[in-house]
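Biologist: I should like to understand how the terms applied to this structure are justified. Please set each value against its cut-off.

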Amino acid sequence: MERILIIEDEQKILKVLSDFLKTEGYEVIKAKDGESGLNMALTRNPDLILLDIMLPKKSGYDVCKELKAQGILTPIIMLTAKGEESDKILGLELGADDYVTKPFGLKELNARIRAILRRVKEPKDKKTIDYYQFGNIKVDFKRQEIIKKGKRIPLSTMEVNLLKYFVM
């Protein structure tokens, strides 16, 4: 069962999203501000993050930027009322995988979630896979390192080749 972290400060939206995703078979964890959301993203190992931009304590942009700076490869879908092209570009350039403007349809959002999780979990050409995630460990084949809770552990070429063999 995939785990989705929802970082959203509007209680009504948080409840609707949480209830819907649970009925779709996801495990849901929730945060109501950017600071606690960042902490949960680093410690609870979600498979995907739904991230609002306008949050108390730390903006969604800052959360996204910090996660990517720490080497966290978890896919992020930004959910926001900010629909200007410049806002979308900023979110995507900071590392978000998708950007959905409120209001949005729950079925469309679920289709986007499934598409991203499918790409992450089942790469079409495993020989060109850039990373693989299992549990709270991510193996970055391109950079030849393991990332666990934001900590980078370098790997030798032999170790990378062995891991690729076992993963594929």
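Modeller: The model is a predicted one. With a threshold of 30 Å³ or more, the count comes to one cavity.

Biologist: What makes the space a cavity, and what is its volume?

Modeller: A cavity is a set of points where a 1.4 Å probe fits but cannot get out, so the term describes an enclosed set. The volume of the largest cavity is about 110 Å³. Its lining comprises 13 residues, with L42, N45, I72, N136 and K149 nearest the centre. The elements α2 (34-43) and β8 (145-148) each give two or more residues to that lining.

Biologist: Why is the contact of K102 with E10 called a salt bridge?

Modeller: The closest N and O atoms are 3.9 Å apart, and the cut-off is 4 Å, so the pair qualifies. K102 lies in the loop between β5 (98-101) and α5 (106-121) and E10 in the loop between β1 (3-7) and α1 (11-23), so the contact ties together parts 92 residues apart in sequence.

Biologist: Why is K102 called buried, and how is E10 classed?

Modeller: K102 has a relative accessible area of 16%; buried means under 20%, so the term applies. E10, at 41%, counts as partly exposed, because that class lies between the buried limit and 50%.

Biologist: What makes the contact of E145 and R152 a salt bridge?

Modeller: Their N to O distance is 2.1 Å, which is within 4 Å, so the criterion is met. E145 is buried at 10% relative accessibility, whereas R152 is partly exposed at 33%.

How values were computed
Residues are numbered from 1 along each chain as its sequence is written. This is a predicted model: local features need pLDDT of at least 70, side-chain atom pairs count only at pLDDT 80 or more; totals for chains, interfaces and linings use all residues. Side-chain values use heavy atoms; hydrogens and water are left out. On a 1 Å grid over the protein atoms alone, a cavity is a set of points where a 1.4 Å probe fits but cannot get out, and a pocket is an open set with protein on both sides within 12 Å along at least five of seven lines; lining residues have an atom within 4 Å of a point. Grid points are joined across faces, edges and corners, and a volume is the space filled by probe spheres set on the points. Helices (H or I, at least four residues) and strands (E, at least two) are DSSP runs, numbered from the N terminus. A salt bridge is a side-chain nitrogen of Lys or Arg within 4 Å of a carboxyl oxygen of Asp or Glu. Buried means under 20% relative accessible area, exposed over 50%, partly exposed in between (1.4 Å probe, protein chains only).
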